[in-house]
Amino acid sequence: GRREEPQAASQEEDSAASVASRKSSADSSTSSQSTTASEKSWASGTTTVMLRNIPNRYTTEELLEELVERGFEGAFDFFYLPIDFDTKKNKGYAFLNLRSSDLAESFKGAFERQKFTKYKT
């Protein structure tokens, strides 16, 4: 069947970042389920995260700069910030694969419920 693309979160002024994990398992029944870090503990070995509620004015370079400023330079080997080709703005979420589950836990601590610094909306 057709997979629908996740909806971008609303970009309200008081929105904070949200980090969700995906269980990295070959089991397709669990691979489509994601949980918010605050709702449930992560599966052991989790390294891939979805960063949500990103203000849509952030460019790829600006978001990468913020990740580096918060101490995650070299900590991830995959980064994807979808951009809407019509508006030239991001869609409000990004995917990262951290190099270890310990780095993923640190990332969760640094970004869960935290506001981004560059733009409000």
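This passage describes the fold, the second helix, the aromatic pairs and the unusual backbone angles of a predicted model.

The protein chain contains three helices and seven strands. Along the sequence, these elements follow the pattern β-α-β-β-α-β-β-β-β-α. The chain has 121 residues, and 36% of them are buried. Its exposed surface comes to about 7,500 Å². Carbon and sulfur atoms supply 45% of that area. Contacts were also examined by sequence separation. Among those between residues at least 6 apart in sequence, 69% join residues at least 24 apart.

Helix 2 spans residues 60-69. Four of its residues, Glu 62, Leu 63, Glu 66 and Leu 67, are buried. These four cover an arc of only 140 degrees around the axis, so they lie on the same side of helix 2. Glu 61 and Glu 69 are on the other side, and both are exposed. The buried residues pack against strand 3, strand 4, strand 7 and helix 3. Strand 3 covers residues 48-52, strand 4 covers 76-80, and strand 7 covers 93-98. Helix 3 runs over residues 101-111.

Glu 66, within helix 2, has a relative accessible area of 3%. This value is under the 20% limit, so Glu 66 counts as buried. Leaving aside residues up to four places away in sequence, Glu 66 touches Tyr 58, Lys 115, Phe 116, Thr 117 and Lys 118. Just after helix 2, Gly 71 takes a positive phi of about 95 degrees.

Aromatic contacts come next. A search of the whole structure finds seven aromatic pairs. One of them joins Phe 72 and Phe 107. Their ring centres are 5.2 Å apart, and their planes meet at 70 degrees. An angle over 60 degrees counts as edge-to-face, so this pair belongs to that class. The pair links distant parts of the chain. Phe 72 sits in the loop between helix 2 and strand 4, whereas Phe 107 belongs to helix 3. The two residues are 35 apart in sequence. Both Phe 72 and Phe 107 are buried.

Phe 107 also pairs with Phe 111. Here the ring centres lie 4.5 Å apart and the planes differ by 25 degrees. The angle is under 30 degrees, so the pair is stacked. Phe 107 and Phe 111 are four residues apart in helix 3, so about one helical turn separates them. Phe 107 has a relative accessible area of 0%. The value for Phe 111 is 0%. Phe 72, Phe 107 and Phe 111 join Tyr 58 and Phe 116 in one aromatic cluster. Two members of this cluster, Tyr 58 and Phe 116, are among the residues that Glu 66 touches.

The backbone angles complete the description. Most residues other than glycine have a negative phi. Asn 53 has a positive phi of about 65 degrees, although it is not a glycine. Asn 53 is found in the loop between strand 3 and helix 2. Its relative accessible area is 17%, and Asn 53 is buried. Lys 88, also not a glycine, has a positive phi of about 65 degrees. Lys 88 is found in the loop between strand 5, residues 83-84, and strand 6, residues 89-90. Lys 88 is exposed, with a relative accessible area of 63%.

Conventions: Residues are numbered from 1 along each chain as its sequence is written. This is a predicted model: local features need pLDDT of at least 70, side-chain atom pairs count only at pLDDT 80 or more; totals for chains, interfaces and linings use all residues. Side-chain values use heavy atoms; hydrogens and water are left out. Rings of Phe, Tyr and Trp (its six-membered ring) pair if their centres lie within 6.5 Å; planes under 30 degrees apart count as stacked, over 60 as edge-to-face and the rest as tilted. Buried means under 20% relative accessible area, exposed over 50%, partly exposed in between (1.4 Å probe, protein chains only). Contact means heavy atoms within 4.5 Å. Accessible areas come from the Shrake-Rupley method with a 1.4 Å probe; for residues, only the protein chains shown count as cover. The arc is that of the directions from the helix axis to the C-beta atoms.
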